[in-house]
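Visitor: I am new to this structure and would like to be walked through it slowly. Could we look at it together before I ask my questions?

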Amino acid sequence: MASGPLETYSPSQTLERRHQQQKRKSFNEIDWARSDGRNFHQCRPAYLRTGATSSASGSAYAEFGSTKVIVSVFGPRESKKAMMYSDVGRLNCNVSYTTFSTSTRGQGSDNKDFSSMLQKALEGAIILETFPKTTVDIFALVLESAGGDLPIIISCASLALADAGIMMYDLVSAVSLSCFGKNLVIDPTSEEEACQDGSLMIAYMPIRNEVTQFTLTGEWSTAKINEAMELCLEACSKLSNILRSCLKENVLGFTD
Amino acid sequence: MPAKTVVFTNVRKFDGDKFRWLSSGEYIQMSGRAGRRGIDQRGICILMVDEKMEPSTAKMMLKGTADCLNSAFHLSYNMLLNQLRCEDGDPEKLLRLSFYQFQADRALPDIEIHDSWCPSRRCIRFFSSIAHSARRASLTTPSTAASARLPPASRPALSPAHHPLIVPHPPARGLPARLRAFFSKQVKALEKERDSIVIDEEESLKDYYNLLQQYKSLKKDVRDIVYDPKYCLPFLQPGRLVSLLYSSYDKKSSVSQEQITWGIIINFQKIISHVEDKRPENSQYTVDVLTRCVVVKEAGTKKSVKIVHLKEQGEPAVISVPLSQIDSLSVVRIYIPKDLLPFEVRENTLKILSEVYSRFLKDGIPNLDPEEDMKVQSNSYRKAVRRIEALERLFEKHEIRNLPLIQQNIQVLHDKQELSAKIKSIKKSLRSSTALAFKDELKSHKRVLRRLGYITSDDVVEVKGQVACEISSADELTLTELLFSGIFKDIGIEEIVALLSCFVWQEKLQDGRKPREELDLLFSQLQETARRVSNVQLDCKVPIDVESTVNSFRPDIMEAVYAWAKGSKFFEIMELSSVFEGSLIRAIRRLEEVLQQLTCAAKSLGETEMEDKFQEAVVKIKRDIVFAASLYL
Amino acid sequence: MKELLISLNQTQKVRLQAALQHLAELASQVSSSNLAVTVADTIPVNNEDGILKGHGTTEFDGQVVATLCGIVERVNKLVYVRTLRARYKPEVGDIIVGRVIEIAPKRWRLEINFSQDAVLMLQSMNLPDGIQRRRTAVDELNMRSIFEENDVVCAEVRGFQHDGSLHLQARSQKYGKLERGQLLIIPAYLVKRRKQHFHHLEQYGLDLILGCNGFVWIGEHAEPIDSEVLEDRDKIPKDKQRDTPLEVRRNICRISNSVRLLSALGFALSVEAIVDTAEASKSSNVDIKDMLGAEFYVQTAEREVQRRASLLRKKRFV
């Protein structure tokens, strides 16, 4: 039983770690170019359409760069859980990834809590009293995951809810931001996300000026948080305008 | 509660409007409780009558029928909207099958037909029996002229030989085809008869006839003015000679005519008729007159006294005649003895009368001149007199006057005119039998709803209409307009309640207090809205009086209800307004109903704020004694 | 309803595009100047006081803000937002077609195109023998003989319960179980409220019921039954009852295809439109199965353009 050289037992992860370390080094430089040519404070172009699923009450499709998400909303409809009489409606969210959405086949690992996070983000925006004793089901399907999944899901879901005719206080738009040392990079792609130092996600209702969800990971100083928040809120407002214009097109382009 | 005896301490009562006799329906209701079932053999009813009552009045009260049930069907907007909301809601069908329509159909005027067109004997029996039962049940509306014309005694039994035939009450859906064909045949036959009567120089004769009619009616007008109790009462002194109108039956020509005879006034008195009018001057008077009469013993123990001419056979008797039967009052007065009971005294007085009559035979007994003696000063009298004079001059100038057969021709023309009138009335009843009672109203109501935007032009109910469908306890149009004008949004709950009280309070309070500033402002807004709605209704030909509708909203209890909503006690709010407690409680209960309906209406609109407001208002007023289920606690 | 999967070739696509464009132009010519809003847009009210805020609006920061995407409608001082592809909003008196999904004590639960199931009480339903009497326990046990699960029923909305679900009634002869026909599900906003929703198409011998909830029933014509005739009907055993003739079945299919077509094109349904489309297909000898094909699809769109244009012209000259 001769112990072979340590190299034979070393897993291939070291290769990845070396890649990451390389990348991180590059990120730690003062100015580095993002892989898709954006500057730090520029979001990906958004493509949004409603009416993706015909059998649903409302649906929306969003493409932010390579991330493609489709959200369908069913309801308000009866369900066994909602048979108990209650004054407010229930919101039921479900986020699922297709098997081909990530570069390696199979379900992603960090999205099991996306469902509950989506629900928390949207709860503050929907007027639940309008559909007592019924539920609204939201099904989000990520067709291709390329970074910034949850904020895109949230924005797309609020578009689908508006399409379904569910009463809301305002449209929710969400943007996430990564921090690399001193740099704040908005709307990160999945590779950027993988080696970030910290992240911040805000789901925001611009007209009401209310934040429905605020997620912070990593180590942040107060000043950085302030700066990051300002950036995000601005981006959210712009995104919300895009959402609005998409809905307006729908309304105006309706033939009888 | 069962009772053996029922005692009426008074037979007159005040019904809120006037002091009148008990009606037969009321009597039946109240006396019906006399006699305990199973315990008493009979129930006893005692009436204490402490004033003079005409026998006819007593008969009406005791033997009359119950108050007849007349439909008070009223086409409301709420009903119409709810009908239009359902797919198979057909307002016309509802009207056709309503009780009102049924009663209207039954009350079609009785039509008399000539015997040559009598249907078969079986039909006659069938028709008469229906007519009889209908008469007994008295389901007819206040009778038409036709049925009042013939006194019941002349209605025949079943044989077709008698000519007047009562045509019965067609079924509710209009006359069946058989009857309608029958009537149109009748009309044609009557027309044929009328056209067959030919008179020479018909045109000028018609002219003369019209003049005659005018003359007669003018004379009647003059008579009415002069013999108004106001003027003639002072002249109805005992001993005055008076000429009376009476109808005499001429056996030879079997025609009854109006004739004049003379009599002496003994006394006069006021009669209190069954239905009393408000103003005492219009009440009836009867005059006791001594004149020659014929006492006829009819079947049983009844006697009827008929006036005959002085010169004819008969006995002197005192008879009561109504004022309308007096033709003229004379200037002459004679002394009459105090006691007129003995026959000879009466005979003597009558002899004196005949003396006077024969003395004045040449010129006729001089009459009281209305203007000079009786001091009739009215303008209409003078005008009528002048017109009579003009007509008399026209008469003299008329060329036909001197035609020999003038009187007969006039009579024939008269018959012809009557035939035409009959034809017209039959035609009218044919038409009206198929018409719906409320058809025009239905059309105009729909027009109003379209104009105000409650329904679309093809009768689909809109948002406003949905709201008006919910409101049934108050004027739905005005209230919906008020709701949509947003007036309930900015005012507080107590003001809402006070404003709504104007809808439920319909009595007129003479000296109601004016409510305070803000409430008065709200009330004036209400009146404006009501006026606008009424004007639209008037434009659409709904028969409505704008001012009276606007004034039917009364602000009398606004203050009281405001205080009640604020939480004061009942006796406190009673001091604020001088109405009956019961009326106020009824108004507040009705108010709560209106508020519940408004809550439903607000819910259908989606206005949650207003819905909550109304709910809160209900909570605020629904308390204490006003809403206590029973006062026996 | 599943969208029609129509593969159009190039010319057809062009024609369809042109037709839809025409329709859009026509629509814009007649459209009213109502404001289109999206969620959280402010509705301009010009600071009028006493504005009533109806459905789809709420107050925020002293201003009236929309909570739905749609068009602003005003009635006097009431302001509300009407969504375009609206879900069915029930009102009292609507005619509804639904399917029984459950039999509960003394009631049936029906699925209609609404957020909650509708309830049809046993008392609101005529008994088979037509007698008016109290429903006893035996009646309750025999509920299955009147309606079973998956039966299609036609009823009328009687009212709302406090939690928003509907109460139905089926007391008239024309309501009740629907047999021998097809049930189609179309978006509810395509059925506008009219005076009449029951149509008897004489020339085809069919009954057409346009339920306000988006369920459309096309079936063989059934005479409204009198209670005397009822006894005779029971005597005939079911299998001996007459089968629907072939011609009637063809007509049913034709009419239902025209309904599908019109709803796929997004045109509002009315009896005239449906019958016109069916007639057009008959006259141009289009086979029933080809009615859902691309060619007829485009033709129908073009025909609609012509119809609307002529209507507009008529309005202008009147």
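The questions and answers below go through chain contacts, a helix, salt bridges and backbone angles.

Visitor: What kind of model is this, and what pLDDT do local features need?

Guide: Residues are numbered from 1 along each chain as its sequence is written, while chains are lettered from A and ligands numbered from 1 in the order in which they are written. This is a predicted model in which totals for chains, interfaces and linings use all residues, side-chain values use heavy atoms with hydrogens and water left out, side-chain atom pairs count only at pLDDT 80 or more, and local features need pLDDT of at least 70.

Visitor: How many residues does the contact take from chain C and from chain A, and what area do the two chains bury between them?

Guide: Contact means heavy atoms within 4.5 Å, and by that rule 31 residues come from chain C and 32 residues from chain A. The size of an interface is often given as the accessible area lost when the parts come together. Buried area here is the accessible area, taken with a 1.4 Å probe, that two parts lose on being put together, summed over both. For chain C and chain A, with 57% of it on carbon and sulfur atoms, the figure is about 2,700 Å².

Visitor: Which strand of chain C gives the most to the side that touches chain A?

Guide: Between chain C and chain A the count of salt bridges (a side-chain nitrogen of Lys or Arg within 4 Å of a carboxyl oxygen of Asp or Glu) is zero. The rule does find three residue pairs in polar contact across this interface, both residues at pLDDT 80 or more; such a contact is a pair of N or O atoms within 3.5 Å, where within protein one must be able to donate a hydrogen and the other to accept it, and residues adjacent in sequence count only if both atoms are side-chain atoms. Helices (H or I, at least four residues) and strands (E, at least two) are DSSP runs, numbered from the N terminus. On this side of chain C, the most, with three residues, comes from strand β3 (residues 57–60).

Visitor: Which side chains meet in a salt bridge between chain C and chain B?

Guide: This contact takes 27 residues from chain C and 24 residues from chain B, and the two chains bury about 2,000 Å² between them, 49% of it on carbon and sulfur atoms. Across the interface the rule finds one salt bridge. With N and O 3.5 Å apart, the side chains that meet are Lys195(C) and Asp459(B).

Visitor: Which residues are linked with Lys195(C) in a network of salt bridges?

Guide: Side chains of opposite charge can pair when their charged atoms come close. Here the linking goes beyond a single pair, and the residues in the network with Lys195(C) are Lys446(B), Arg450(B) and Asp459(B).

Visitor: What distance does helix α11 of chain B reach from its first C-alpha to its last?

Guide: Helix α11 (residues 343–359) of chain B has 17 residues, and its buried residues (under 20% relative accessible area, with exposed over 50% and partly exposed in between, 1.4 Å probe, protein chains only) include Leu350(B), Leu353(B) and Tyr357(B). The expected span of a helix is 1.5 Å times one less than its number of residues. The helix comes close to the 24 Å expected, its own reach being 24 Å.

Visitor: How many residues apart are Arg44(A) and Asp187(A), which link distant parts of the chain?

Guide: Arg44(A) forms a salt bridge with Asp187(A), the closest N and O atoms being 3.2 Å apart. Arg44(A) lies in the loop between α2 (13–28) and β1 (46–50) of chain A, Asp187(A) in the loop between β7 (183–186) and α5 (190–194), and their separation is 143 residues.

Visitor: Is Arg44(A) buried or exposed?

Guide: Its partner Asp187(A) has a relative accessible area of 7% and is buried. Arg44(A) has a relative accessible area of 6%, so its class is buried.

Visitor: Where is Lys106(C) found, and what is its phi?

Guide: Most residues other than glycine have a negative phi, and most peptide bonds are trans. Lys106(C) is found in the loop between β7 (95–104) and β8 (107–111) of chain C, and it counts as partly exposed because its relative accessibility is 40%. Its phi is positive, near 65 degrees.
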